[in-house]
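Trainee: I would like to go through this structure and ask how each term applied to it is justified.
Mentor: Go ahead, one term at a time.

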Amino acid sequence: MNDEVEETPEPPELVVISGMSGAGRSTAAKVLEDLGWFVVDNLPPSLIATMVDLAARTQGSVPRIAVVVDVRGRSFFEHLHEALSHIEATGLRHRIVFLESADDVLVRRFENVRRPHPLQGEGRITDGIARERDLLRELRGEADLVIDTSSRNVHELRAALEAAFGRDGGESGLRATVMSFGFKYGLPVDADLVLDVRFLPNPHWIPELRPRTGLDPEVSAYVLAQPGAKEVLESYGETLRIITNGYRKEGKRYVTLAVGCTGGKHRSVAMAEQFAARLSSDGVDTTVVHRDVGRE
């Protein structure tokens, strides 16, 4: 009699890449492939569970799978939701990465390559974009990581994905991005939390500080010395601790805190650096991005 117990194959990690056409899905797939992920492009949702099962039977030779899905019809989306629900019911956690971009940027990208939007039909590019946004609204809301590529080039998108997936594919801890930005350039659409620090006096009106940024020690010291700066760091820092602890318990892996001032050069930069340092000291893997520095 054979008393050996057959080992249950270890399930692979699964990442689903989706988002707006023209926002960088193909680039994201190439980046993950370079990072060692097994990437499948345009796999029908009904086959995702089969792919995961086959990977599990390889005894660890395919530990990470990235599936690129292109949602262009209501029934397709319903099949995707059903497939992911089934996978989650088996105990395998998956992550959804959603690539986003502003409408005007998407229009320019399609015009530059002289190709129609896949959903525009007989209408305009903007009609296709509107239809796709409507179809993807629910999926975007379920995404674990939203990356806005409106102002990112290919290299910056690669850096964002490497920060999220390149260090340790099996790591399950929380990763935070703290982003400074200027309100005059628009809100970051991929932010989970937004903090407005325009209540602090603006170093722009100090002649010797105007050409510098919040990364300069003198500018940072000026910002932090203003009434309310340290109080916000303490109170909102404690709020962040509560939020990040809650995210960890819920299994959320990514959070983006956007800190904004008028131009994204002085106050938001200095305060973003402070919040990033606090998150790091709390054990959160933190990346700092200064979106609008050098833009003026």
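Trainee: How much space lies in the second largest cavity, and what makes it a cavity and not a pocket?
Mentor: About 40 Å³ of space lies in the second largest cavity of this predicted model. A cavity is a set of points where a 1.4 Å probe fits but cannot get out, whereas a pocket is an open set. This space is listed among the cavities, therefore the probe fits there but cannot get out.

Trainee: Which residues line the second largest cavity?
Mentor: Arg-93, His-94, Arg-95, Asp-144, Gly-251 and Arg-253 line the second largest cavity.

Trainee: What makes 4 of the residues in that lining charged and 2 polar?
Mentor: Asp, Glu, Lys and Arg count as charged, and Gly is among those that count as polar. The lining includes Arg-93, Arg-95, Asp-144 and Arg-253, so these are charged. His-94 and Gly-251 also belong to the lining, and they count as polar because His and Gly are in neither the nonpolar nor the charged list. The division is no nonpolar, 2 polar and 4 charged.

Trainee: How many cavities of 30 Å³ or more does a search of the whole structure find?
Mentor: The search finds 3. The largest cavity has a volume of about 50 Å³.

Trainee: Which elements give two or more residues to the lining of the largest cavity?
Mentor: They are β6, α8 and β8. The most comes from α8, with 4 residues. Among the lining residues are Leu-240, Ile-243, Thr-244 and Tyr-247. The lining as a whole divides into 8 nonpolar, 3 polar and no charged.

Trainee: Where does α8 lie relative to the strands?
Mentor: Helix α8, residues 229-250, lies across β7 and β8 and runs at about 180 degrees to β7. Angles run from 0 to 180 degrees between N-to-C directions, so α8 and β7 point in opposite directions.

Trainee: What is the order of the strands in the open sheet of 4 strands?
Mentor: The order is β7-β8-β6-β9, with parallel pairing.

Trainee: Why are β7 and β9 called edge strands?
Mentor: Because each of them pairs on one side only, β7 (193-196) and β9 are the edge strands.

Trainee: How do you know that β7 and β8 pair?
Mentor: Two strands pair if DSSP finds at least two bridges between them. For β7 and β8 there are 4 bridges, so the condition is met. Asp-196 stands opposite Gly-260 in β8. Neighbouring strands of the sheet are turned by 20 degrees against each other on average, direction ignored. Another helix, α6, lies across β6, β8 and β9, running at about 150 degrees to β6.

Trainee: How do you know that β1 pairs with β3 and with β4?
Mentor: The same cut-off of at least two bridges applies. Strands β1 and β3 (residues 64-68) pair in the parallel sense over 5 bridges, and 6 bridges join β1 to β4 (residues 94-100), also parallel. Both pairs therefore qualify. Glu-13 has Arg-64 as its bridge partner in β3, and Val-16 has Ile-96 in β4.

Trainee: What makes β1 mostly covered?
Mentor: Strand β1 spans residues 13-19, and 7 of its 7 residues are buried. Glu-13, Val-15, Ile-17 and Gly-19 are on one side, with Leu-14, Val-16 and Ser-18 on the other, so both faces are covered. In a regular strand the side chains alternate between the two faces of the sheet.

Trainee: Why is Leu-106 called buried?
Mentor: Buried means under 20% relative accessible area. Leu-106 has 0% relative accessibility, so it counts as buried. Leu-106 lies in helix α4. Leaving aside neighbours within four places in sequence, Leu-106 is in contact with Met-20, Ser-21, Gly-22, Ala-23, Ser-101, Ile-129 and Arg-133.

Trainee: Which residues lie nearest the centre of the largest pocket?
Mentor: Ser-21, Gly-22, Ala-23, Arg-25 and Ser-26 do, out of 24 lining residues. The volume of the largest pocket is about 650 Å³. Its lining divides into 9 nonpolar, 8 polar and 7 charged, and α1 gives the most, with 4 residues.

Conventions
Residues are numbered from 1 along each chain as its sequence is written. This is a predicted model: local features need pLDDT of at least 70, side-chain atom pairs count only at pLDDT 80 or more; totals for chains, interfaces and linings use all residues. Side-chain values use heavy atoms; hydrogens and water are left out. On a 1 Å grid over the protein atoms alone, a cavity is a set of points where a 1.4 Å probe fits but cannot get out, and a pocket is an open set with protein on both sides within 12 Å along at least five of seven lines; lining residues have an atom within 4 Å of a point. Grid points are joined across faces, edges and corners, and a volume is the space filled by probe spheres set on the points. Contact means heavy atoms within 4.5 Å. Buried means under 20% relative accessible area, exposed over 50%, partly exposed in between (1.4 Å probe, protein chains only).
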